[in-house]
Amino acid sequence: MNPLNFLLLLILGQCVYYATSLECYVCDSQEDNSEKCVKTIQTCNYGEDVCLTEIRWGSTPYWQQGALKQYYISKRCATKDKCERYRSSNMGSCTHIWYEDWKCSECCKGDRCNYYIISAGSVLSRTTLLITFASYILSKLVL
């Protein structure tokens with residue numbers, strides 16, 4: 001094979017790899033969803049087809065009596081199977097009770113889909129409330 005053709009084939013292969021690779025935001029045990037968690041992007045490895053986000057609520061790593069609780073956010077690339085297993089294992093502790101330690105995780109598919117922590121459930125409920133309110137106001141104006 002001609003060296004030039006080989007080089008072109010190699011470059012084409014890399015272009016296809018990067019064009020089809022997933023990108024996720026990545027961070028580990030950050031205290032909020034800013035800076036590193038929304039500015040660090042990783043191209044996922046072959047086979048990693050989802051982005052995994054985990055949020056924990058608990059005491060600081062070096063616990064002491066009266067220690068305040070805080071959020072810890074982690075984001076990374078994962079396979080769909082690994083993410084679903086991880087998510088299932090966290091379901092029992094995903095309580096959102098402020099005085100208990102808890103952990104929740106979410107899987108999403110699509111480039112940089114894990115910008116926000118955990119799914120947009122709260123955004124959807126606010127949107128639904130806004131649409132309901134707007135419909136109510138419009139119905140009163142029409143009548």
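## A contact between K69 and D101

The side chains of K69 and D101 are joined by a polar contact of 2.4 Å. This comes from a predicted model. In sequence the two residues are 32 positions apart, while their C-alpha atoms are 8.2 Å apart in space. K69 belongs to strand β5, which covers residues 69-78.

K69 has a relative accessibility of 27% and therefore counts as partly exposed, the range for that class lying between 20% and 50%. Setting aside residues within four places in sequence, K69 touches W57, G58 and S59, and also W98, Y99, E100 and D101. The polar partner D101 is thus one of the residues on this contact list.

## Overall architecture

The protein has 4 helices and 6 strands. Read from the N terminus, their order is α-β-β-α-β-β-β-α-β-α.

Of the 143 residues in the protein, 24% are buried. The exposed surface comes to about 10,400 Å², and 60% of it is supplied by carbon and sulfur atoms. When contacts between residues at least 6 apart in sequence are considered, 62% of them join residues at least 24 apart.

## Nonpolar cores

The largest nonpolar core consists of 7 residues: C27, C37, I55, W57, I73, W102 and C104. Strands β4 (50-59) and β6 are the elements that give two or more residues to this core. A second core, separate from that one, has 6 residues, among them L22, C24, C44 and C108.

Within the largest core, C37 can be followed through its contacts. Not counting residues up to four places away in sequence, C37 touches Y25, C27, Q30, D32, I73 and K75. Of these partners, C27 and I73 are also members of the largest core.

## Strand β6

Strand β6 spans residues 102-108 and includes S105. S105 is buried because its relative accessibility is 7%, below the 20% limit for that class. The side chain of S105 makes a polar contact of 3.2 Å with the side chain of N90.

C107 is also placed in strand β6. With a relative accessibility of 16%, C107 counts as buried. Beyond the residues up to four places away in sequence, C107 is in contact with C51, C83, E84 and R87. C107 and A78 are separated by 29 residues in sequence, and the distance between their C-alpha atoms is 8.6 Å.

## Aromatic pairs and charges over rings

The structure contains 5 aromatic pairs. One of them is formed by W98 and Y99, whose ring centres are 5.5 Å apart and whose planes meet at 85 degrees, so the pair is edge-to-face. The limit for that label is an angle over 60 degrees. W98 has a relative accessible area of 64% and is exposed. W98 and Y99 both appear among the contacts of K69.

Y115 and Y116 make another edge-to-face pair, with 4.9 Å between centres and 80 degrees between planes. Which residues form one aromatic cluster with Y25? Y115 and Y116 do. Y115 is partly exposed, at a relative accessible area of 33%, whereas Y116 is exposed, at 62%. The charged end of K75 sits over the ring of Y115, 6.0 Å from the ring centre. Both K75 and Y25 are touched by C37. Elsewhere, R76 lies over the face of Y86, and its distance from the ring centre is 5.4 Å.

## Positive phi angles in loops

Most residues other than glycine have a negative phi. E35 has a positive phi of about 50 degrees, although E35 is not a glycine. E35 lies in the loop between β2 (27-30) and α2 (36-39). The relative accessibility of E35 is 52%, so E35 counts as exposed, the cut-off being over 50%.

H96 also has a positive phi without being a glycine, and its value is near 60 degrees. H96 is located in the loop between α3 (80-90) and β6.

Key:
Residues are numbered from 1 along each chain as its sequence is written. This is a predicted model: local features need pLDDT of at least 70, side-chain atom pairs count only at pLDDT 80 or more; totals for chains, interfaces and linings use all residues. Side-chain values use heavy atoms; hydrogens and water are left out. Buried means under 20% relative accessible area, exposed over 50%, partly exposed in between (1.4 Å probe, protein chains only). A polar contact is a pair of N or O atoms within 3.5 Å; within protein, one must be able to donate a hydrogen and the other to accept it, and residues adjacent in sequence count only if both atoms are side-chain atoms. Rings of Phe, Tyr and Trp (its six-membered ring) pair if their centres lie within 6.5 Å; planes under 30 degrees apart count as stacked, over 60 as edge-to-face and the rest as tilted. A charge sits over a ring if NZ of Lys or CZ of Arg is within 6 Å of the ring centre and within 35 degrees of the ring normal. Contact means heavy atoms within 4.5 Å. Accessible areas come from the Shrake-Rupley method with a 1.4 Å probe; for residues, only the protein chains shown count as cover. A nonpolar core is a set of buried Ala, Val, Leu, Ile, Met, Phe, Trp, Tyr and Cys residues joined through side-chain atoms within 4.5 Å.
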